[in-house]
Amino acid sequence: TLFRSALESLLNHSSIFLKGARMIPEADQIFTEVELTTLEKVINETWAWKNQTVAEQAKLPPSEKPILLSKDIELKLGTLDREVQYLLNKAKFAKPKPKKDKEKSTPKVETEKNTTSSSKGDKVIPPKEESLDGSAQEKMPPSQEENKKTEL
């Protein structure tokens, strides 16, 4: 029963992994359709084999030779684990696909145009400075007269 529970656990985890891999957007997909189909095929075959063998085993009296053997379960575990580990290693070492350069450069050009046009003749509003009592006051740049006073 230890092998059966290990097989069920691996089948559940593999199914969840496959569902997650299929939900990756096509632009970011790192697995090929063949790889995902192969994993799905192995999962389905293993489920079908397990269900059929357990049902046949349950029909047999305890004195008969068992149909569900631990060596068979180990073979199925190995096959399923090999497929999942291959995809996990591929995901671990996959490099993200680069974004398109056109999309990145277009906004930069627009922002450069916006900053140059706004600095030509627009009035700059100074930031507000908070005083100790919590009220906000506008901070005005010192005039030329005040600059002369501070120099003396």
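**Helix packing, core and charged pairs in a predicted model**

The protein contains five helices and two strands, where helices (H or I, at least four residues) and strands (E, at least two) are DSSP runs numbered from the N terminus. Read along the sequence, these elements follow the pattern α-α-α-α-β-β-α. The structure is a predicted model, in which local features need pLDDT of at least 70 and side-chain atom pairs count only at pLDDT 80 or more, whereas totals for chains, interfaces and linings use all residues. Residues are numbered from 1 along each chain as its sequence is written, and side-chain values use heavy atoms, with hydrogens and water left out.

Of the 152 residues in the protein, 16% are buried; here buried means under 20% relative accessible area, exposed means over 50%, and partly exposed lies in between (1.4 Å probe, protein chains only). The accessible surface of the protein comes to about 12600 Å², and carbon and sulfur atoms contribute 56% of that area, as computed by the Shrake-Rupley method with a 1.4 Å probe, for which only the protein chains shown count as cover in the case of residues. Among contacts in the protein with a separation of 6 or more, 59% are between residues 24 or more positions apart, a contact being defined by heavy atoms within 4.5 Å.

Helix 2 (residues 33-59) has 27 residues and should span 39 Å at 1.5 Å a residue, which agrees with the 39 Å between its end C-alpha atoms; the expected span is 1.5 Å times one less than the number of residues in the helix. Buried positions in helix 2 are Glu-35, Leu-36, Leu-39, Val-42, Ile-43, Thr-46, Trp-49, Lys-50 and Thr-53. The buried residues of this helix pack against helix 1 and helix 3. In general, an α-helix has 3.6 residues a turn, so residues three or four places apart point the same way.

The largest nonpolar core has 17 residues, of which Leu-7, Leu-39, Ile-43, Ile-73 and Leu-80 touch the most other members. The elements that give two or more residues to this core are helix 1, helix 2 and helix 3. A nonpolar core is taken as a set of buried Ala, Val, Leu, Ile, Met, Phe, Trp, Tyr and Cys residues joined through side-chain atoms within 4.5 Å. When neighbours within four places in sequence are left aside, Ile-73 is in contact with Phe-3, Arg-4, Leu-7, Trp-49 and Leu-68. Phe-3 also appears in relation to Ser-70, since the C-alpha atoms of these two residues, 67 residues apart along the chain, are separated by 6.5 Å. Ser-70 belongs to helix 3 (residues 70-93) and is partly exposed, with a relative accessible area of 38%.

Side chains of opposite charge can pair when their charged atoms come close. Five salt bridges are found in a search of the whole structure, a salt bridge being a side-chain nitrogen of Lys or Arg within 4 Å of a carboxyl oxygen of Asp or Glu. One of them joins Arg-22 to Glu-33, with the closest N and O atoms 3.0 Å apart; because Arg-22 lies in helix 1 (residues 2-22) and Glu-33 in helix 2, the pair ties together parts that are eleven residues apart in sequence. Arg-22 also meets Glu-40 in a salt bridge, at 3.1 Å from N to O, and, as Glu-40 lies in helix 2, this pair ties together parts that are 18 residues apart in sequence. Arg-22, Glu-33 and Glu-40 are thus linked in a network of salt bridges. Each member of the network is partly exposed, with relative accessibilities of 34% for Arg-22, 49% for Glu-33 and 32% for Glu-40. A further salt bridge is formed by Glu-83 and Arg-82, whose closest N and O atoms are 3.8 Å apart; Glu-83 is buried, at a relative accessible area of 16%, whereas Arg-82 is exposed, at 53%.

The count of aromatic pairs comes to one, under a rule by which rings of Phe, Tyr and Trp (its six-membered ring) pair if their centres lie within 6.5 Å, with planes under 30 degrees apart counted as stacked, over 60 as edge-to-face and the rest as tilted. Phe-17 and Phe-31 form this edge-to-face pair, at 6.0 Å centre to centre and with 65 degrees between the planes. The pair links distant parts of the chain, 14 residues apart, with Phe-17 in helix 1 and Phe-31 in the loop between helix 1 and helix 2. Phe-17 is partly exposed, with a relative accessible area of 21%, whereas Phe-31 counts as buried at 7% relative accessibility.
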